[in-house]
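Thank you all for coming; I would like to walk through one structure this morning, taking a few places in turn. Please have the sequence and the coordinates open while I talk.

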Amino acid sequence: AVAPGDSRSGNRTSPPLSHLTLEMGADRRMSGSSSAKSSKEDTAKGKQASGRPSAPKGSDKENKRPANSAIRIRIEDSPISATTRQLESLRVSVPDSPTSELEKYFKSLSGVSSVEDRASASIADCADSVMRSLHNSSECYKPRLQMLVDSQPAADRRETLDWLVQAFGVMHFSDVALFDAALVLDRHSACTLPGPISSHISQRSLLAAVCLSLKLGSREDVQLPLRQVVEHLGRSRIPFLEVLNAEVALLHKLGFCVGTPTANCFLEALSLRIPKYDARFGSLASFLLQLSLVEPHLHYGYPHCVLAAATLAIGLSVTDAPAGAYGILREDLALCGSNVEDSLMSCCLDVHALWVRAAGRQDAEIMGFYDHLSTKFAQPAYHDASSLTPPMPLSLAGLFGPSRK
């Protein structure tokens, strides 16, 4: 395809203007004496046909033209001009959106001493669109719930998550890498046809997902060579080359679309502006979000931004947050898209119900996962968040008003 006006095209198209005026100075002569001569003859014939006498030869009117004169050529009603007018008639002016509080927050970081905070300030102008893009990408790439449920027995998935929590805790890998690995495994499972899978293949896929999440994550997660880490996790029973081959197969099945947003991404984004009034608040929200991994209908049944907001809302309620913190959470959640808040209340109730069921040891199937997760969050680094008990009933008055409890 040749762009309009490209020198490679046979005919140059006019620019998209309703009227195009070309001005050429009088001193620019047409090339070729024959062309100039025929032009003068045609002019003389035209004047004689109209009955008007031609100017005498050599007169100033014919031979002398002011140096600043111009020949104006008007191109009317070309197809491109008509199309342009039609498009201009359909153009709707878009009003400037007001500056969000999240954008103001990032702009306020430009004057701080921390290099990391000043770097974060550079995204102030696109903070709102980043939130929407994260939500759209998360909804696009998260696994389809029914396909995930049908792909493998629920007990096998819980066993895999249990191993991830324990192994990542021992190796001191970040929660970012944990959520990345879990999402990659779930997406891979949802793309796999239901049926029995050998333990050797499942172990290779598990190590491949871990290897991939460590490559995508922070360098702080990998203090040793990656080969040594993977071989240690596999207890040297699975050759590293087999893990790399499984990683390539996994990437092909996922269309090389990895590093997609997880629920943990929204947990970090939505908690940026909330005042740090209680150290347990963020740890409790992270504990509940990781607990939701064991329940696929909860973890993938809601948008990840809503799920993260629900865990934060419960954390605010349990730790007696100031009233303004709830408004900040709702403001930033609304940036993810329209109508995302509609399911926030039901999500809060479902997360709270899972917490009550696990803390009360009412569900034997998830107790192994819950115990290992509680051990992890009982550490000082997580402010002993797992020791907090779920309130009965859960008060959501700060988030939805006095009538919602």
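Let me begin at a serine: the side chain of Ser 386 reaches the backbone oxygen of Ser 374 at 2.9 Å, and that side chain also reaches the backbone nitrogen of Ala 378, at 3.4 Å. I should say at once that this is a predicted model, and that every value I quote is computed from it. Ser 386 sits in the loop between helix 19 and helix 20, the latter being residues 397–400. Is Ser 386 buried or exposed? With a relative accessible area of 12%, Ser 386 is buried, because the cut-off for that word is under 20%. Leaving aside residues up to four places away in sequence, Ser 386 touches Phe 287, Ser 374, Phe 377 and Ala 378.

Two of those names take us into helix 19, residues 367–377, whose buried residues are Met 367, Phe 369, Tyr 370, Leu 373, Ser 374, Lys 376 and Phe 377. What covers them includes helix 8 (154–171), helix 9, helix 14 (279–291) and helix 18 (344–359).

Helix 9 deserves a closer look, and I will start there with Leu 178. Leu 178 counts as buried, at 2% relative accessibility, and, again not counting residues up to four places away in sequence, Leu 178 touches Leu 164, Val 165, Phe 168, Gln 290 and Lys 376. Leu 178 and Phe 168 are ten residues apart along the chain, and their C-alpha atoms are separated by 6.9 Å.

The second residue I would pick out in helix 9, which spans residues 175–190, is Arg 187. What is the nearest side chain of opposite charge to Arg 187, and how far away is it? It is Asp 180, 8.9 Å away, and Arg 187, although buried, has no salt bridge. The side chain of Arg 187 does, however, reach the backbone oxygen of Tyr 141, at 3.1 Å. Beyond residues up to four places away in sequence, the residues that Arg 187 touches are Tyr 141, Pro 143, Leu 254, Cys 257, Val 258 and Thr 260.

Cys 257 brings me to the cysteines. The count of disulfides comes to zero. Why is Cys 257 not bonded to Cys 140? The closest cysteine sulfur to that of Cys 257 is in Cys 140, and at 7.9 Å it is too far for a bond, because a disulfide requires sulfur atoms within 2.5 Å. Cys 257 is partly exposed, with a relative accessible area of 26%, and Cys 126 likewise counts as partly exposed, at 32% relative accessibility.

Now to the interior. In soluble globular proteins, nonpolar side chains tend to be buried together. Here the largest nonpolar core has 92 residues, and those with the most contacts inside it are Leu 164, Phe 168, Leu 329 and Trp 355. Helix 16, residues 304–318, supplies the largest share of this core, with eleven residues. Looking at Leu 329, and setting aside residues up to four places away in sequence, we find that Leu 329 touches Leu 270, Ile 274, Ala 309, Leu 312, Ala 313, Leu 316 and Leu 399.

Let me finish with the whole chain. The protein has 20 helices and two strands, and buried residues make up 39% of its 405 residues. Among contacts between residues at least 6 apart in sequence, 77% join residues at least 24 apart.

Technical notes. Residues are numbered from 1 along each chain as its sequence is written. This is a predicted model: local features need pLDDT of at least 70, side-chain atom pairs count only at pLDDT 80 or more; totals for chains, interfaces and linings use all residues. Side-chain values use heavy atoms; hydrogens and water are left out. Helices (H or I, at least four residues) and strands (E, at least two) are DSSP runs, numbered from the N terminus. Buried means under 20% relative accessible area, exposed over 50%, partly exposed in between (1.4 Å probe, protein chains only). Lys and Arg count as positive and Asp and Glu as negative; His and the chain ends are not counted. A salt bridge is a side-chain nitrogen of Lys or Arg within 4 Å of a carboxyl oxygen of Asp or Glu. A polar contact is a pair of N or O atoms within 3.5 Å; within protein, one must be able to donate a hydrogen and the other to accept it, and residues adjacent in sequence count only if both atoms are side-chain atoms. Contact means heavy atoms within 4.5 Å. A nonpolar core is a set of buried Ala, Val, Leu, Ile, Met, Phe, Trp, Tyr and Cys residues joined through side-chain atoms within 4.5 Å.
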